[in-house]
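Here is a short set of questions and answers for a first look at a protein chain. Keep the view open as you read.

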Amino acid sequence: LAQVAPRARWDALPSRAEPTTRRLLDLFASRQVRATFFILGWVAERHPGLVRDIAAAGHEVASHGYGHDIVYTLSPAAFREDVRRSRQILEDLVGQPVSGYRAPSFSITRQSLWALDVLLEEGYRYDASIFPVRHDRYGIPDAPRHPYSLALHAGTLTEVPPSTVRLGGQNLAVAGGG
């Protein structure tokens with residue numbers, strides 16, 4: 001993505017966030033479906049009314065970080081600033097706590113498990129980033145496939161992994177990812 005749309009150009013590119021999300025909101029409303037929307041802080045700053053409308057429709061607003069940075073490329077301090085900034089923007093817009101986080105590109109991997117303690121320290125209660133699949137850029141293939149609790153230095157965090165199906169002795173993604 002960074003090669004196709006470098007962050008320095010984001011403001012100059014047409015945004016599809018609002019029209020596509022509003023179509024989803026209409027579809028969900030017609031079927032009385034509630035969902036969790038993992039929202040970038042960068043997008044929330046540019047579309048505050050959309051974020052408020054998501055919450056007003058009864059959906060959960062959760063964080064996808066501020067700038068879509070891959071977690072394992074960040075230092076712990078930079079990650080902390082990213083998730084803190086995103087959470088503050090979202091909470092200011094919806095007037096309620098933001099407790100969930102999903103890493104860009106599911107980038108909490110074995111090399112970035114330190115990020116889970118940072119999430120707890122910053123007030124998040126659950127993470128949905130650890131994809132129990134084998135992939136060249138993300139995933140922990142032997143991680144549990146269903147929600148579980150993680151006992152960490154900072155406390156207990158609930159992990160809610162993306163959906164998979166077990167087939168042929170391996171986990172296959174059925175939602176999200178490449």
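Q: Which residues does Val 61 touch, not counting residues up to four places away in sequence?
A: This is a predicted model, so the contacts are computed from its atoms. Contact here means heavy atoms within 4.5 Å. By that cut-off, Val 61 touches Phe 37, Ile 39, Val 51, Ile 54, Ala 55, Leu 90, Val 94 and Val 98.

Q: Which residues touch the most other members of the largest nonpolar core?
A: The largest nonpolar core holds 40 residues. Val 61 is in the group that touches the most other members. The full group is Ile 39, Val 51, Val 61, Phe 79, Tyr 101, Ile 108 and Leu 119.

Q: Which helix gives the most to this core?
A: Several elements each supply at least two residues of the core, including helix 1 (17–31), helix 3 (48–56), helix 5 (114–121) and strand 5 (148–152). Helix 4 (76–94) is also one of them. With 6 residues, the top contributor is helix 4.

Q: Are helix 1 and helix 3 roughly parallel or roughly antiparallel?
A: The two helices pack with their axes 11 Å apart, at an angle of about 15 degrees. Angles under 35 degrees count as roughly parallel. Helix 1 and helix 3 are therefore roughly parallel.

Q: Is the crossing of helix 1 and helix 3 left-handed or right-handed, and which residues make the contact?
A: The crossing of this pair is left-handed. Helix 1 brings Ala 17, Glu 18, Thr 21, Arg 22 and Leu 25 to the contact. From helix 3 come Gly 49, Leu 50, Asp 53 and Ile 54.

Q: How do the residues in the contact of helix 1 with helix 3 divide?
A: Leu 25 of helix 1 and Leu 50 of helix 3 are among the residues in this contact. Leu counts as nonpolar. The whole contact divides into 4 nonpolar, 2 polar and 3 charged.

Q: How many residues of helix 5 are buried?
A: Buried means under 20% relative accessible area. In helix 5, Ala 115, Leu 116, Asp 117, Val 118, Leu 119 and Leu 120 are buried. They pack against helix 4, strand 3 (100–101), strand 4 (126–127), strand 5 and strand 6 (155–159). The helix is mostly covered, and the count is 6 of its 8 residues.

Q: How is helix 4 placed relative to helix 5?
A: Their axes are 10 Å apart, and the packing angle is about 40 degrees. The crossing is right-handed. The angle makes helix 4, relative to helix 5, oblique.

Q: How do the residues in the contact of helix 4 with helix 5 divide?
A: Helix 4 uses Pro 76, Phe 79, Arg 80 and Val 83. Helix 5 uses Trp 114, Ala 115, Val 118, Leu 119 and Glu 121. The split is 7 nonpolar, no polar and 2 charged.

Q: Is Glu 159 buried or exposed?
A: Glu 159 is found in strand 6. Among the residues it touches are Leu 116, Ile 130, Pro 147 and Tyr 148. Its relative accessibility is 0%, so Glu 159 is buried.

Q: What distance separates the C-alpha atoms of Glu 159 and Leu 116?
A: Glu 159 and Leu 116 are 43 residues apart along the chain. They touch. Their C-alpha atoms are separated by 9.4 Å.

Q: What phi does His 68 have?
A: His 68 lies in the loop between strand 2 (60–63) and helix 4. The residue is not a glycine. Even so, its phi is positive, at about 60 degrees.

How values were computed: Residues are numbered from 1 along each chain as its sequence is written. This is a predicted model: local features need pLDDT of at least 70, side-chain atom pairs count only at pLDDT 80 or more; totals for chains, interfaces and linings use all residues. Side-chain values use heavy atoms; hydrogens and water are left out. A nonpolar core is a set of buried Ala, Val, Leu, Ile, Met, Phe, Trp, Tyr and Cys residues joined through side-chain atoms within 4.5 Å. Buried means under 20% relative accessible area, exposed over 50%, partly exposed in between (1.4 Å probe, protein chains only). Helices (H or I, at least four residues) and strands (E, at least two) are DSSP runs, numbered from the N terminus. Axes are lines fitted to C-alpha atoms, for helices over the stretch in contact, and angles run from 0 to 180 degrees between N-to-C directions. Angles under 35 degrees count as roughly parallel, over 145 as roughly antiparallel, 65 to 115 as roughly perpendicular and the rest as oblique. A crossing is left-handed if the near helix is turned anticlockwise from the far one by less than a right angle, and right-handed if clockwise.
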